[in-house]
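Trainee: I have a new protein model open and I would like to learn how to read it. Could we walk through it together?

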Amino acid sequence: MHLFLYPVLFVSSLFAEKKIVSLGLVLAMLTMLPSQPYAEEADKNPAAESTQQAASSDGKPAAEEKAGTGAQDGAQAEQEQNKEQTEAQDKDQTEAAAEELADKISEEKLYPQDVRDLWPQLRELVTSPYGAKRSSPGRGSHVHTGLDIRAHIGWPIRSLQKGVVTEAGMNGPAGLMVQVQQEDGKLVTYAHMSEILASKGDEVSRGQHIGRVGCTGRTSGAHLHIAIKDASGRHINPRKEINGLWEVFDPPVEELSGPIESMACTPRERMKGGQANKRLIGTEHYLRMRKALPKKTRISLPEGSY
């Protein structure tokens, strides 16, 4: 029983004589009513609490909602970027494979396998390797900056790579020569030709004929002198740039059926290009003279002859 009931009953007893007991009973009944109607009503309706929680969850700060949306957009953008990168890589790989296949087809067409099989190893025809120490009149001791390859006079000479002809003509000891500036930045010199088949400024493709093997310049036998400089202008070993002799020469197939013998240079061959190799011609005369002289241990020259 509520504590408030006792004062109410006391008051109702005071008014009993005046027959106002009904007022006291009314007050007593009022005090019997529940003191926390809203709490009991909340207990009777549990859905109200869930509604309030839902209302509180719906009332998130706008900043949090914006941050969540931004994170989703960022993840989606990253996925799209990764997808584009993957597609680009696949495309590049496909194009690279197609280019490699085209190169193989072009290689086989330009240098047939059955012809390549006829060629000896490059080292078998090298008469003077790169880096060899040499000595010659007027130059003294020096290092050979190119590669000399024995060949037959008249063999077509191929360009190693695609490029532009920067020089073509007579060049002193090098004889008739052609220089090609390749697309990879290397400068290649082909010397001692008997004939030039390209002009300065011409664009040449890989394997194209640019000249013919000869004896012009300072040489005693038919050969091709190749010298290569890298993009910085330094000499490099041509053997590292040549996979096989078929990349350098394109002779008649029948000349590859047997050994490739050396060919001596005749005065007529040396005169091609309009310039004779006077040093070698003089050496030949000297050797012929020595051979014709009687074998003596000492030769005396008459006074005044020197």
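**Reading the model step by step**

Mentor: Let us begin with one side chain: Arg-116 counts as buried, because its relative accessibility is 16% and the limit for buried is under 20%. Keep in mind that this is a predicted model.

Trainee: Which residue does the side chain of Arg-116 meet in a salt bridge?

Mentor: Look for a carboxyl group facing the arginine nitrogen. The N to O distance of this salt bridge is 3.1 Å. The partner is partly exposed, because its relative accessible area is 38%. That partner of Arg-116 is Glu-108.

Trainee: How many salt bridges does a search of the whole structure find?

Mentor: The pair of Glu-108 and Arg-116 is a salt bridge, and so is the pair of Asp-230 and Arg-234, with its closest N and O atoms 3.5 Å apart. Searching the whole structure gives a total of eight.

Trainee: In the pair of Asp-230 and Arg-234, is Arg-234 buried or exposed?

Mentor: Take the two ends in turn. Asp-230 has a relative accessible area of 17%, so this residue is buried. For Arg-234 the value is 59%, and the limit for exposed is over 50%. Therefore Arg-234 is exposed.

Trainee: How many residues apart in sequence are the parts that Glu-195 and Arg-212 tie together?

Mentor: The side chains of these two meet in a salt bridge of 3.3 Å, N to O. Glu-195 lies in strand 8 and Arg-212 in strand 10, so the pair links two separate strands. Glu-195 is partly exposed at 38%, and Arg-212 is partly exposed at 29%. Along the sequence, the parts they tie together are apart by 17 residues.

Trainee: Now for the cysteines. Is the disulfide of Cys-215 and Cys-265 left-handed or right-handed?

Mentor: A search of the whole structure finds one disulfide, and its sulfur atoms, from Cys-215 and Cys-265, are 2.0 Å apart. The torsion about the S-S bond is about -80°. Because of that torsion, the disulfide is left-handed.

Trainee: Which loop holds Cys-265?

Mentor: Both cysteines are buried, so look beneath the surface for them. Cys-215 is in the loop between strand 10 and strand 11, and the pair ties together parts that are 50 residues apart in sequence. Cys-265 sits in the loop between strand 12 and helix 8.

Trainee: How many bridges join strand 7 to strand 8?

Mentor: Strand 7 is mostly covered, with six of its seven residues buried. On one side, seven bridges join strand 6 to strand 7, and these strands run antiparallel; Val-164 has Gln-181 as its bridge partner there. Strand 7 and strand 8 also run antiparallel, with Gln-179 opposite Thr-189. The number of bridges joining strand 7 to strand 8 is five.

Trainee: Which residue takes a positive phi in the hairpin of strand 7 and strand 8?

Mentor: The hairpin of strand 6 and strand 7 has five residues between its strands, and Gly-172 in the turn has a positive phi of about 55°. The hairpin of strand 7 and strand 8 has four residues between the strands. With a positive phi near 95°, the residue there is Gly-185.

Trainee: Where is Glu-203, and is this residue buried or exposed?

Mentor: Glu-203 is placed in strand 9. Its contacts beyond four places in sequence are Gly-163, Val-164 and Gln-208. The C-alpha atoms of Glu-203 and Lys-162 are 7.6 Å apart, although 41 residues separate the two along the chain. At 67% relative accessibility, Glu-203 is exposed.

Trainee: How many residues are in the largest nonpolar core?

Mentor: Trp-119, Tyr-190, Ile-210, Ile-226 and Phe-249 touch the most other members. Strand 7, strand 8 and strand 10 are among the elements that each supply at least two residues. Ile-210 has contacts that include Val-178, Val-180 and Tyr-190. The number of residues in this core is 36.

Trainee: What is the average pLDDT of the protein?

Mentor: Of the residues, 61% score at least 70. Over residues 37–42 the pLDDT is below 50, and the value is also below 50 over residues 293–306. Where pLDDT is low, the predicted coordinates should not be read in detail. The average for the protein is 76.

Note on methods: Residues are numbered from 1 along each chain as its sequence is written. This is a predicted model: local features need pLDDT of at least 70, side-chain atom pairs count only at pLDDT 80 or more; totals for chains, interfaces and linings use all residues. Side-chain values use heavy atoms; hydrogens and water are left out. A nonpolar core is a set of buried Ala, Val, Leu, Ile, Met, Phe, Trp, Tyr and Cys residues joined through side-chain atoms within 4.5 Å. Buried means under 20% relative accessible area, exposed over 50%, partly exposed in between (1.4 Å probe, protein chains only). Contact means heavy atoms within 4.5 Å. A disulfide is a pair of cysteine sulfur atoms within 2.5 Å. A salt bridge is a side-chain nitrogen of Lys or Arg within 4 Å of a carboxyl oxygen of Asp or Glu. Two strands pair if DSSP finds at least two bridges between them. pLDDT is the predictor's confidence in each residue, from 0 to 100.
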